[in-house]
Each structure stands twice: as C-alpha cells, then as structure tokens.
Amino acid sequence: MIRILCTGDSHTWGQGVPGILEEFDPPVVAGDLRLASFKSNGYVNVLRRVVENITDSYSQELYAQDIANIYQVKYAKPCAVIENEGIEIIFEGSVLRLEVQLSDCIMRPEILIDQVPRDVPQLGAAQSENVYRLFTFLVEEGKHTVSIRAVEGKVLLYKVESYGGACAVMNSGVGSCPAKRYYEEFWSDHVAQVEPAIVIAEAHTINDWLTGETLEEYRQNLAELLERYKSLGAKVLLLTVSPILGHEILDENPVPYSAYVEMSRKAAVDADIKICDANTIMSLCLNGLDEKTAWTYFFDDNWHPNERGHAIYAELIRQVILPEIKNSGGNAKWKQQK
C-alpha cells in the first residue's frame with residue numbers, strides 16, 4: 001500500500017468548508033484534536049475520493065455513536081465507553097486507526113488484532129477535555145478483527161478508521177498548530193506510526209505568523225519538520241498556504257504574512273522537495289477582486305478558504321501526486337488512465 005499522509009494545521013483538518021463544524025458535539029474548540037469525518041469537502045477528503053476513484057483503494061469510518069449502538073456499550077458524548085468486557089470490530093484493509101479520548105482517570109487499553117496483542121501504553125490522566133490519542137496499526141491486506149478492552153479504567157473510543165487497497169489518504173492535520181509544536185507534540189501518533197510513503201506537508205504558515213515566530217525561527221522549524229518527514233523515507237511535497245483577508249501585519253508581529261509564505265518556499269527549496277504553490281495560484285484567482293467580493297468568492301473567514309479554496313488545494317495536489325503514486329514502485333491498480 002502507498003500511504004499518503006496529509007499534515008498541517010486547520011486547513012488540512014478541513015476548516016472552512018460547509019458542514020464540518022456542525023459534525024461535532026460538543027462544539028469544536030481551537031485546536032480541536034478530534035478527527036473530522038470523510039464527509040465534508042475539505043481538500044484531504046476530496047483528494048482521498050480522487051485517489052480511491054482511480055486506484056483500487058477504499059476506506060471506512062466508524063464514529064462513537066455508531067460503535068455504541070452496534071456493540072451495545074455506553075455512549076458518553078463524544079465517545080463510546082469500553083470497559084473490561086471489551087468489544088470486537090471486524091474491519092477490512094491494511095491500516096487501522098483508532099482515536100481515544102483521555103479522561104481525568106488512568107486508562108490502560110488492551111488492543112489485539114487477530115488475537116495478537118499490540119503495544120499500547122498506559123494513558124495518563126488528562127488536564128483538559130481536548131486530549132485525544134491516535135493509534136495506527138499496519139497489517140496485511142484482508143479482513144481482520146480488532147479487540148478493544150480496558151484493563152484499567154475505561155477506554156473512551158472516539159473514532160475508528162480503516163484503509164485498504166493500493167493507496168490510503170490520511171488526515172493528520174491539527175488546528176492552531178505551528179510547525180515546531182506539530183513535531184514536538186504530535187510526531188509519534190500523527191506521523192511516525194503511519195510510516196508514510198508520501199507526505200503532503202501543508203506549511204503551518206498562518207499559525208507561525210500568529211504566534212510571532214521570527215522568519216528565521218519559522219524557517220528552522222519548518223526545515224526540521226521537512227527533514228523529519230524525509231528521515232522516514234517519505235517523498236515530501238510542501239503545500240503553501242492560502243492568502244488571507246484583512247491585515248497582513250499584526251500589532252504584535254511587524255512582519256507581513258506574505259513574508260512567511262515566501263519563507264516556506266525557501267525552506268522547501270533548501271530541503272530539495274517539490275512545492276505545490278497553492279498560495280500563488282489562489283492569489284492569481286483573487287487578483288483584482290475587492291475584499292467583499294473576495295470574501296464571497298473564496299473565504300469562510302479571514303484565515304480559512306471556503307469550499308472553492310479547498311477544491312483548489314485538492315486539484316493542485318492531485319496534479320502533482322498522481323505521477324508520484326505511479327512512480328512510487330507500489331502496487332497501485334489503476335481503474336482508468338489519467
């Protein structure tokens with residue numbers, strides 16, 4: 001399987017497209033760690049549909065309410081509560097992703113796939129409600145059974161994702177997250193466990209600009225992130241971030257946003273990786289439009305593109321990623337020539 005991992009901030013997560021915020025109950029908070037569904041037209045979902053449509057690939061998702069209903073366990077919004085007796089879920093494919101919420105109590109889950117125990121650590125008590133952990137397991141292609149139970153405490157299961165066939169497009173975006181925080185806090189469960197063949201690295205630019213990282217700090221942090229992706233043996237594509245509306249200079253940061261975008265390009269050149277320059281294409285689309293028209297045409301808010309913007313992200317990535325898939329040496333079976 002060719003595992004394609006999309007990383008970045010809230011743009012990657014999917015913010016800006018219709019319906020995505022309404023998916024969540026309780027409501028979304030800044031930097032929400034809950035995985036978004038496959039339903040919206042965020043660019044990762046659009047890209048996944050494209051890849052699955054032209055290759056022999058598929059994906060499935062199960063949410064906590066579905067799990068609670070199917071397996072007759074308690075539902076404590078937003079998670080299914082799994083206790084010592086546990087549950088068994090049958091899935092098909094070669095990648096399994098589980099997302100659990102940490103609580104104010106110690107939790108020690110036991111996870112077996114086809115009766116083989118998987119290494120899962122004891123999870124400490126959380127100091128915030130927005131604390132979730134991702135676990136990714138790689139298996140042989142086929143039908144499998146995952147058994148989940150609580151050895152200690154209760155397992156709060158939020159979501160199950162599975163991927164099979166030739167390719168998988170996975171979303172590891174974390175909102176409100178600058179580049180350095182991403183590799184310091186989310187590297188293991190959002191990236192390394194996936195063992196990606198291809199990484200589409202959205203450049204975190206807005207959040208580094210908002211947090212006031214200097215241009216040099218941003219360059220160094222993004223360069224470190226890109227080198228970490230390369231160290232996994234992955235082919236890396238840098239996705240530049242969309243233009244913004246409103247002021248490019250903040251009271252607390254005298255450096256304009258556009259300078260950070262240009263620094264992301266320099267980091268990619270230094271790392272010798274391909275650039276998918278969405279910022280340039282989107283800027284051309286907005287050229288000549290007044291702010292009100294630009295808002296209607298392209299933006300959900302000042303810092304997030306709408307569905308049209310996400311479609312541009314997805315199309316530009318598609319144009320670069322399909323040749324990468326074909327040249328990856330994997331076993332992708334093409335349904336039709338593109």
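When I say two residues are in contact, I mean that they have heavy atoms within 4.5 Å of each other. Please keep that in mind, everyone, and keep in mind too that this is a predicted model.

With that meaning of contact, let's start with helix H2 and helix H11. On the H2 side, the residues are Tyr 43, Val 46, Leu 47, Val 50, Val 51 and Ile 54, and they meet His 310, Tyr 313, Ala 314, Ile 317, Arg 318, Ile 321, Leu 322 and Ile 325 of H11. Sorted by class, that contact has twelve nonpolar residues, one polar and one charged. As for the geometry, H2 covers residues 43–54, and its axis comes within 9 Å of the axis of H11, crossing at roughly 40°. That angle is why we call H2 oblique to H11. The crossing of H2 past H11 is right-handed.

H11 has another partner to show you. Helix H9, residues 278–286, packs against H11, residues 307–326, at an angle of about 135°, and here the axes are 10 Å apart. Because of that angle, H9 is oblique to H11. H9 and H11 also make a right-handed crossing. From H9 the contact uses Ala 278, Ile 281, Met 282 and Cys 285, while H11 brings Gly 309, Ile 312, Tyr 313 and Leu 316. Counting by class, we get seven nonpolar residues, one polar and no charged ones for H9 with H11.

Now, if you have the structure open, please click on Ser 242. Which loop is Ser 242 in? It belongs to the loop between strand E12 and helix H8, and H8 is residues 257–271. Is Ser 242 buried or exposed? Its relative accessible area is 0%, so Ser 242 is buried. Leaving aside residues up to four places away in sequence, Ser 242 touches His 11, Tyr 257, Asn 279, Met 282, Phe 298, Pro 305 and Tyr 313. Two of those names came up a moment ago: Met 282 is on the H9 side of the helix contact, and Tyr 313 is on the H11 side.

Let's move on to the sheets. There is an open sheet of five strands with parallel pairing, and the order is E10-E1-E11-E12-E13. At the edges sit E10, residues 167–173, and E13, residues 274–276, each pairing on one side only. From one strand to the next, the twist averages 20°.

Look at E11 in this sheet. Strand E1, residues 2–8, runs parallel to E11 and is joined to it by four bridges. Ile 4 has Ile 198 of E11 as its bridge partner. Ile 198 in turn has a bridge partner in E12, namely Lys 235. Between E11, residues 198–202, and E12, residues 235–239, there are five bridges, again parallel. Ile 200 faces Leu 237 of E12 across that pairing.

Why do I describe E11 as largely enclosed by the rest of the structure? Because five of its five residues are buried. In a regular strand, side chains alternate between the two faces of the sheet. In E11, Ile 198, Ile 200 and Glu 202 are buried on one side, and Val 199 and Ala 201 are buried on the other, so both faces are covered.

Out at the edge, in E10, we find Val 169. Val 169 has 2% relative accessibility, so this residue counts as buried too. Setting aside residues up to four places away in sequence, Val 169 touches Ile 4, Cys 6, Val 44, Leu 47, Arg 48, Val 51 and Tyr 163. Leu 47 and Val 51 are familiar from the H2 side of the contact with H11. Val 50 is 119 residues from Val 169 along the chain, and their C-alpha atoms are separated by 9.9 Å.

My last stop is strand E5, residues 87–101. Twelve of its 15 residues are buried, which means that E5 is largely enclosed by the rest of the structure. E5 pairs with E8, residues 132–152, in the antiparallel sense over 14 bridges. Within that pair, Glu 99 lies opposite Leu 134 of E8. E5 is also joined by seven bridges to E9, residues 155–165, and those two strands run antiparallel. There, Arg 97 is opposite Glu 161 of E9.

That's my tour, thanks for listening!

Key
Residues numbered from 1 in each chain as written. Predicted model: local features only at pLDDT ≥ 70, side-chain atom pairs only at ≥ 80, totals over all residues. Heavy atoms only, no water. Pairing = 2+ DSSP bridges. Axes fitted to C-alpha atoms, helices over the stretch in contact; angles between N-to-C directions. Parallel < 35°, antiparallel > 145°, perpendicular 65-115°, else oblique. Left-handed = near helix turned anticlockwise from the far one by under 90°. Nonpolar A, V, L, I, M, F, W, Y, C, P; charged D, E, K, R; others polar. Buried < 20%, exposed > 50% of the residue type's maximum accessible area, 1.4 Å probe, protein only.
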